[in-house]
Amino acid sequence: MIPYKTASDDYELTEPPKDKFKRLRSERQPLYLTSEELDEILGWKLRGQYERQKEKRKANTEDVIRTVTGAALSITHPDEDYETELRLRLLCCIRGVGIRVASAVLALVFPAKYATIDFRGWRQIFGEEKKEFSISDYKCYLREIKQLAAESGWLPQEVDLAIWAKDVAESRSQHAGVASNRAQEDYRETLGEGPGGSMGGVWQVH
């Protein structure tokens, strides 16, 4: 996992907002996000899907965003699992924010405590495909990430990003292997050998 910690382009995209929110944690008490700051996180997390719920998000006023994020980022509880649940539920009250985006908010603001959940991280950790996530799913994922963080000495957010980068790299390798095999099959067909050939180059998650 070590080669993936800083290898992806996403590392360069992630460090500036992390630094910004680190500064805000010390400067802004109680801590909250403005609509512009939340939008920055949405852009970071959603990328090409940013426009998908843009109309729905228009209902979120500046006051709503400051109040809800203020509550979510300031609330504490002795039971960390329950604290995480409360923060996620509060953030998901904002229109257009689901578990994945809420986890991104927490991971960028509190990288020492949280990670961002998505299908790539889930696939790497649990070896199965999953697109939609519940709060229980997130807490289960976060426990695994924190275990890896304790073993590596990294932040949970850093572990999560490295896992994400690893999955991207392996997926690209898989697709390249499939394309190569198809090209070989096409070439055999032009020689009259017919379709066939090994698919051993296809990546599998273990």
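This short talk covers the nonpolar core, helix 2 and the salt bridges of one structure. Please keep in mind throughout that the model is predicted.

I begin with the core. The largest nonpolar core contains 41 residues, and Leu73, Val105 and Val109 have the most contacts inside it. Helices 1, 2, 4, 5, 6, 8 and 9 each supply at least two of its residues. Helix 6, which spans 99–109, gives the most; its share is 8 residues. As a general remark, nonpolar side chains in soluble globular proteins tend to be buried together.

What does valine 105 touch, leaving aside residues up to four places away in sequence? Its partners are Leu33, Leu38, Ile41, Leu73 and Leu91. Of these, Leu38 and Ile41 are buried residues of helix 2, and Leu73 is itself one of the core residues with the most contacts.

That brings me to helix 2, residues 35–46. With 12 residues at 1.5 Å a residue, helix 2 should span 16 Å, and its end C-alpha atoms are indeed 16 Å apart, so expectation and model agree. The buried residues of helix 2 are Glu37, Leu38, Ile41, Leu42, Trp44, Lys45 and Leu46. Just after this helix, arginine 47 adopts a positive phi of about 50 degrees.

Glu37 leads to the next topic, the charged pairs. The structure holds 17 salt bridges; I shall discuss three pairs and one network.

In the first pair, glutamate 37 meets arginine 28 through their side chains, at 2.8 Å from N to O. Are these two residues buried or exposed? Glutamate 37 has a relative accessible area of 7% and is therefore buried. Arginine 28, at 16%, is buried as well.

The second pair lies within helix 1, where glutamate 15 and lysine 18 are 3 residues apart, which means a separation of about one helical turn. Residues three or four places apart in an α-helix point the same way, because there are 3.6 residues a turn. The side chains of glutamate 15 and lysine 18 form a salt bridge at 3.2 Å, N to O. Lysine 18 has 7% relative accessibility, so it counts as buried.

The third pair is aspartate 81 with arginine 143, at 3.3 Å from N to O. This pair links distant parts of the chain, helix 5 and helix 8, with the two positions 62 residues apart in sequence numbering. Aspartate 81 is partly exposed at 33% relative accessibility, and arginine 143 is partly exposed at 46%.

Finally, a network of salt bridges links Arg120, Arg123, Glu129 and Asp167.

Key. Residues are numbered from 1 along each chain as its sequence is written. This is a predicted model: local features need pLDDT of at least 70, side-chain atom pairs count only at pLDDT 80 or more; totals for chains, interfaces and linings use all residues. Side-chain values use heavy atoms; hydrogens and water are left out. A nonpolar core is a set of buried Ala, Val, Leu, Ile, Met, Phe, Trp, Tyr and Cys residues joined through side-chain atoms within 4.5 Å. Buried means under 20% relative accessible area, exposed over 50%, partly exposed in between (1.4 Å probe, protein chains only). Helices (H or I, at least four residues) and strands (E, at least two) are DSSP runs, numbered from the N terminus. Contact means heavy atoms within 4.5 Å. The expected span of a helix is 1.5 Å times one less than its number of residues. A salt bridge is a side-chain nitrogen of Lys or Arg within 4 Å of a carboxyl oxygen of Asp or Glu.
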